[in-house]
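Work through the two exercises below with the model open. Try each task before reading its solution.

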Amino acid sequence: MPKPRSFNDRLFALRLERSRDDLFGMLERLYGHRPDFVRFTEHLTDALKQAWEARPERLKWRDMSRDLESDWFQRPEMNGYVFYIDRFAGNLAGVAEKLDYLQDLGITYVHFMPCLKPRPGDSDGGYSVMDYTEVNPRLGTMDELEAVTKACHERGISVCIDLVLNHTAKEHEWAEKARAGDERYRDYYLMFVDDTLPKAYESTLIEIFPANAPGNFSHYDDIDRWVWTTFNEHQWDLNWANPQVFLEMVKVMLFLANKGLDVLRLDAPAFLWKRMGTRCQSEPEVHILLHALRAASRIAAPSVIHLEEAIVSPSEMLPYLGRGEHDGKEGNLAYHNSLMVQFWSALAARDTGLMRHVLGTHFPPAVTNATYATYIRCHDDIGWAVTDEDAAAVGVSGFGHRAFLSDFYEGGFAGSFAKGALFQVNEQTGDKRISGATASLAGLEKALEDSDAVGIEHAVERILMGHALIASYGGIPLLYMGDELALLNDYSYSQVPEHAHDSRWMHRPMMDWARAARLPDGGATPEGRVFDGIRHILARRAAVPGFHGAVPTEVLDTGQKGLFAFARRAPTGTIACVFNFTEGWTGLSASWFASHGAAKMHDLLSNAPVAGAGGSVVLPPYARVWIA
Ligand code: GLC
């Protein structure tokens, strides 16, 4: 008689059944033609089962509780904070000591920037990983990562870390074996005996780091091979057409999930699938892979969700949240790159026409079982992802507008309030990306240098408007470390040999704990006003049920080019959010709000009534209101 199956086994079987088609159905389309396909599926099932068996009971309980509140990541109390562990707190043990600070800010989600073991020397900020099962020894150990994650959970904070899928460091064990001639591992990467194919691919590829890592392939004399290296030479692209790569990455993913991590930020997934004659970005197979990876998490680590980092054009981005057959089954979170780009674009232009067009036409009011990660700044540069078509639709030249934005944020444009730096100028296309800290791009650095009181005021208001925007638009707002203290550009990176070539380090400062200790200061300093303001915004967001990520967002027209507005169509009533992108005073009539369903004339952000009946809402420079 067969032994009766344990509750645990039956639970696994149930979870496997529920997601079987999403996993194997998808994989069959990629790998089904291969003679080893059946064996591969057996190995994959074993890997899932083993991970499930190894999953600590505490996390299985977390799985169950999140089954019961599967919208946890869409809830308005979700407020994110993103930081480099060393720059924020020295190491993992240090992070544990800073949790009071984060909680006081209203943070319920932290993203530890790359913390797995990187290659020595320049590691692209940790995105060149040589061992996915170890923590960067400078930051601590895997046990410490597990412990700090647990400490976060005890305070209601969820934890995200990066999982780099597209490439490993060339020092990763797989790469070293490939380099040593092991055929099994050579098939983990994309290697070519001569440059015929690389040249053919290259003719349609774009360059990611044209200035310091030109081209997408690197030649190694010792093995006489060309290797696909989309990003830097030390980052070898994995061959996802090989099912063994999928299997290995599932093992890595579940290993990390079993350490308690809640969110895996899948780094650069757009590049996973290569197809001759294309840009090799966002190919349909990418979405099949991401759908299958998500199913694997759902089976063996169900409380874990995926954040997909696809910094692509507006129409290309949406599928990362699951469109068509992938609806509700791909990324739970994806960066809203367009919202970020449009924020800076409208600020510079004092015109929200392009923003309204892009956000109003390319994005549906809501997505299934998913939401955005909203942000105004992160550790990367800003690429002006404005298409020529979108620009033309509002009567401007795409090239001209992108060039204007680069000049404006570099600071060279006459009258610009910003101070930034160029990043990776592409001489061929004229494309110029921008580095810079939020506060410096928003005008604080320049205004302080000029002792310009009005300029300082405006800069503070711009920073706060940006945060009010990302806190209300829909999705988890990600506060980027130091922005709550209005930290400025950090020019010291040019003295660090490993960083000097990469201006992104300008906006990756050290946390200024001395400054933090002086705050709050009753608004006596610009940073004090920013700190109070951001803390207030996050607290108010958490108090507004209508900001749930599943609530539709509808872009509205105010008839004024300086204003951007949208309605959150909550079951409890509409919230009309309005933002003044200019340094001018203006207003909107009560009847405009009423016509959009927001008649209560109560501002949920200041939590106070606005104009009386028949009056209008006064909007000072850079005003932001959330009218119920
Ligand atoms: C992602 C990261 C970026 C890194 C790249 C390559 O885009 O955000 O910092 O350079 O991936 O790993």
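The exercises cover a pair of helices and the surroundings of the ligand.

This is a predicted model, in which local features need pLDDT of at least 70 and side-chain atom pairs count only at pLDDT 80 or more, while totals for chains, interfaces and linings use all residues. Residues are numbered from 1 along each chain as its sequence is written, and side-chain values use heavy atoms, with hydrogens and water left out.

**Exercise 1.** Describe how helix α2 and helix α11 are oriented and which residues join them.

Step 1. Helix α2 covers residues 37-54 and helix α11 covers residues 243-257. Their axes come within 10 Å and cross at roughly 5°.

Step 2. Angles under 35 degrees count as roughly parallel. α2 and α11 are therefore roughly parallel to each other.

Step 3. Contact means heavy atoms within 4.5 Å. On α2 the contact is made by Phe-40, His-43, Leu-44, Ala-47, Leu-48 and Ala-51; on α11 it is made by Pro-243, Phe-246, Leu-247, Val-250, Lys-251 and Leu-254.

Step 4. The residues of this contact between α2 and α11 divide into ten nonpolar, one polar and one charged.

**Exercise 2.** Find residues that surround the ligand, then give the distances from the ligand to polar side-chain atoms of Glu-309, His-379 and Asp-380.

Step 1. Among the residues surrounding the ligand (a heavy atom within 4 Å) are Asp-124, Tyr-127, His-167, Arg-265 and Arg-504.

Step 2. An N or O atom in the side chain of Glu-309 is 2.7 Å from an oxygen atom of the ligand.

Step 3. For the side chain of His-379, the distance from an N or O atom to a ligand oxygen atom is 2.8 Å.

Step 4. For Asp-380, a polar side-chain atom lies 2.5 Å from an oxygen atom of the ligand.

Key
Polar contact = N/O pair within 3.5 Å; in protein donor to acceptor, adjacent residues only side chain to side chain. Axes fitted to C-alpha atoms, helices over the stretch in contact; angles between N-to-C directions. Helix = DSSP H or I, 4+ residues; strand = E, 2+ residues; numbered from the N terminus. Parallel < 35°, antiparallel > 145°, perpendicular 65-115°, else oblique. Nonpolar A, V, L, I, M, F, W, Y, C, P; charged D, E, K, R; others polar.
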